[in-house]
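Visitor: Please pick a single part of this model and look at it closely. I would also like to know how that part sits within the rest of the chain.

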Amino acid sequence: MGAKRKQTYWISAATLALIFGAFILVFRDALPEIAEHLRAVPLRGVLALLAMGFVYETMEAAVGLVLLRRRKPDITLRNALELTFLGVFGNIATMGAATLPMQGFYLFRRGLDAGASVGIMASEYVLHKASVLLYATLTLLLGGGWLRGSADGLARYISIGYGVGALIVAALTLLYTCDWVLALALRLLNALPGTPKWSGRRTRWGESLTRLNAEAKKVLLVPANCAQGLAVSMAKLFVLYSIPYVSLRLIGCTALTFAQAQLLASVMLLITSALPNVAGVGPVEFAFLLLFSQTADAGAASAALVLYRVATYFFPFLLSVIVFLREEKKSLKGFDAQSA
C-alpha cells in the first residue's frame, strides 16, 4: 500500500473519530437515554434509512447528470454518482478545500475540460441553494400556520436563513453570469501584488473565473436547463426531508405528520445553510434539535438525530472513501481518460 493511500485511510479514520468524539462530548449527559432508544430500532429500520441516504446521494448525482449531459452526452449515472461521492469525501476529509479539484480532475479524465466542469459544478451549487429557498417557501406557505402555533422563537432563525441563502444565490449568480461583475472581479485581481508568484496566481484565477462564467451562463441563463436542474433538485430535497420523519418513527415518536416533518426539515436546512460549519458538522445538529425537540423529548430527538446523521453523513462518507480509493487506484495505474 502506497504512502498516499495510507495517508487517505488515516485522514478518513481521524475525521470520523473526531466527529464521533465531538458527538459523545456534546451528548454525554443524554447517552443512556439515546442508547435505550437506539436499541429499540429494528435492523430493517436502519437498513431502510441507509437506503434512503443512498437514494438521496443518487438524486444528487441525477442533478449533476442533467447538467453534465448537456456538454457530455455519454456520461452515465454511475459517473455522476462517483462524482457526487468524491464531493462528499472532499467536503468532509478536506473540509471542502479539495472538493472542486477532485471533481474537476475526475471529469477531466473523462474528456471534459476544467473550465466546463468547474462551471457546471458551480451552477449545480447555485441551483441547490435556490431549491432550498424554494422548497422552504412552499412548505411554509402550506404549513406556516401550524409552525407559528407550535414552535415559538423560530422567526429570527428563518429570517437569517432566508437572508443569507438569498444573498449567496444572488451574489454567485451575478458573479457567474454578469459580464460587469466578472470585469470587476478581474480588476480586483489586478490589484494583487506584482511579484512573479502573485502574477501567476492572478493569471490562473482570472482564466478560471472567465471559463467558469462562460459555462455557468449556459446553465443559469437558459430557462430549460435551469428549470430541469431545479426540478430534480427539489425531488432530491423531498427524499432528504423524508429521512427525519422515518428516524422519528423508528424511535417511536408519532407526534408529527409527514407534512409537518417535511416542513421542519426544510426549515432545518434553510437555517443550516446560513451557519458556518467544519466538515459539515455543527449547524445540522443545532438546527435538528432546535426544531424537532419541540415535538419530542430531548432523548428521543437526540436519538433521531443519530439515525439521521448515520443515513446522511456517516454512511455516505464511508461510501465516498471507497469511491475515492478506487479512483486513486485507477489514476495511479494510468486510467484511460476516455473510459466510462
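**Helix 8 and its surroundings**

Guide: Of the contacts in the chain with a separation of 6 or more, 76% are between residues 24 or more positions apart. The model is a predicted one, and the chain holds 13 helices and 0 strands. Of its 340 residues, 49% are buried. The chain exposes about 16200 Å², and carbon and sulfur atoms supply 69% of that area.

Confidence should be read before any detail. The mean pLDDT of the chain is 84, and 84% of the residues reach 70 or more. Helix 3 (residues 43–68) has the highest confidence, at a mean of 95, while helix 1 (residues 3–26) has the lowest, at 62. Over residues 335–340 pLDDT stays under 50, and the model has 15 contacts beyond four places in sequence for that stretch.

The part I would pick is helix 8, which covers residues 179–190. Its surface side can be described through a nonpolar patch formed by L174, W180, L184 and L188, with about 430 Å² of accessible area together. Helix 8 gives the most to this patch, with 3 residues. L188 has its place in helix 8. Its relative accessible area is 57%, so L188 counts as exposed, the cut-off being over 50%.

V181 also lies in helix 8, but its setting is another matter. Its relative accessibility is 13%, and V181 counts as buried because that value is under 20%. Leaving aside neighbours within four places in sequence, V181 is in contact with L174 and L175. L174 is thus a residue to note: it touches V181 and is also a member of the surface patch. The C-alpha atoms of V181 and A171 are separated by 9.5 Å, with their positions 10 residues apart along the chain.

Helix 8 also carries a charged link. The side chains of D179 and K217 meet in a salt bridge, at 2.5 Å from N to O. This pair joins distant parts of the chain: D179 is in helix 8, K217 is in helix 9 (residues 196–220), and the two are 38 residues apart. K217 is partly exposed, with a relative accessible area of 24%. As a general point, side chains of opposite charge can pair when their charged atoms come close.

That bridge can be set beside others in the chain, where the count comes to 10 salt bridges. R70, R71, E215 and K218 are linked in a network of them. Another bridge is between the side chains of R326 and E82, at 3.4 Å from N to O. R326 is in helix 13 (residues 298–332) and E82 in helix 4 (residues 77–93), so this pair links distant parts of the chain, 244 residues apart. The two partners differ in cover: R326 is partly exposed at 31% relative accessibility, whereas E82 is buried at 6%.

E285 and R309 form a further bridge through their side chains, at 2.8 Å from N to O. E285 lies in helix 12 (residues 283–292) and R309 in helix 13, so the pair ties together parts that are 24 residues apart in sequence. E285 is buried, with a relative accessible area of 15%, and R309 counts as buried too, at 8%.

For a contrast with the exposed L188, take helix 11 (residues 258–272), where L270 is found. Helix 11 is mostly covered, with 13 of its 15 residues buried. From its first C-alpha to its last, helix 11 reaches 21 Å, close to the 21 Å expected at 1.5 Å a residue. L270 itself has 0% relative accessibility and counts as buried. Not counting residues up to four places away in sequence, L270 touches V132, L133, A136, I158, G161 and Y162. One of these, I158, is 112 residues from L270 along the chain, yet the C-alpha atoms of the two are separated by 7.1 Å.

To return to helix 8: it supplies 3 residues to the nonpolar patch, it holds the buried V181, and through D179 it is bridged to helix 9.

How values were computed:
Residues are numbered from 1 along each chain as its sequence is written. This is a predicted model: local features need pLDDT of at least 70, side-chain atom pairs count only at pLDDT 80 or more; totals for chains, interfaces and linings use all residues. Side-chain values use heavy atoms; hydrogens and water are left out. Patches are made of residues with over 30% relative accessible area and no salt bridge: like charges are joined within 9 Å, nonpolar side chains (Val, Leu, Ile, Met, Phe, Trp, Tyr) within 5 Å. Accessible areas come from the Shrake-Rupley method with a 1.4 Å probe; for residues, only the protein chains shown count as cover. A salt bridge is a side-chain nitrogen of Lys or Arg within 4 Å of a carboxyl oxygen of Asp or Glu. Helices (H or I, at least four residues) and strands (E, at least two) are DSSP runs, numbered from the N terminus. Buried means under 20% relative accessible area, exposed over 50%, partly exposed in between (1.4 Å probe, protein chains only). pLDDT is the predictor's confidence in each residue, from 0 to 100. Contact means heavy atoms within 4.5 Å. The expected span of a helix is 1.5 Å times one less than its number of residues.
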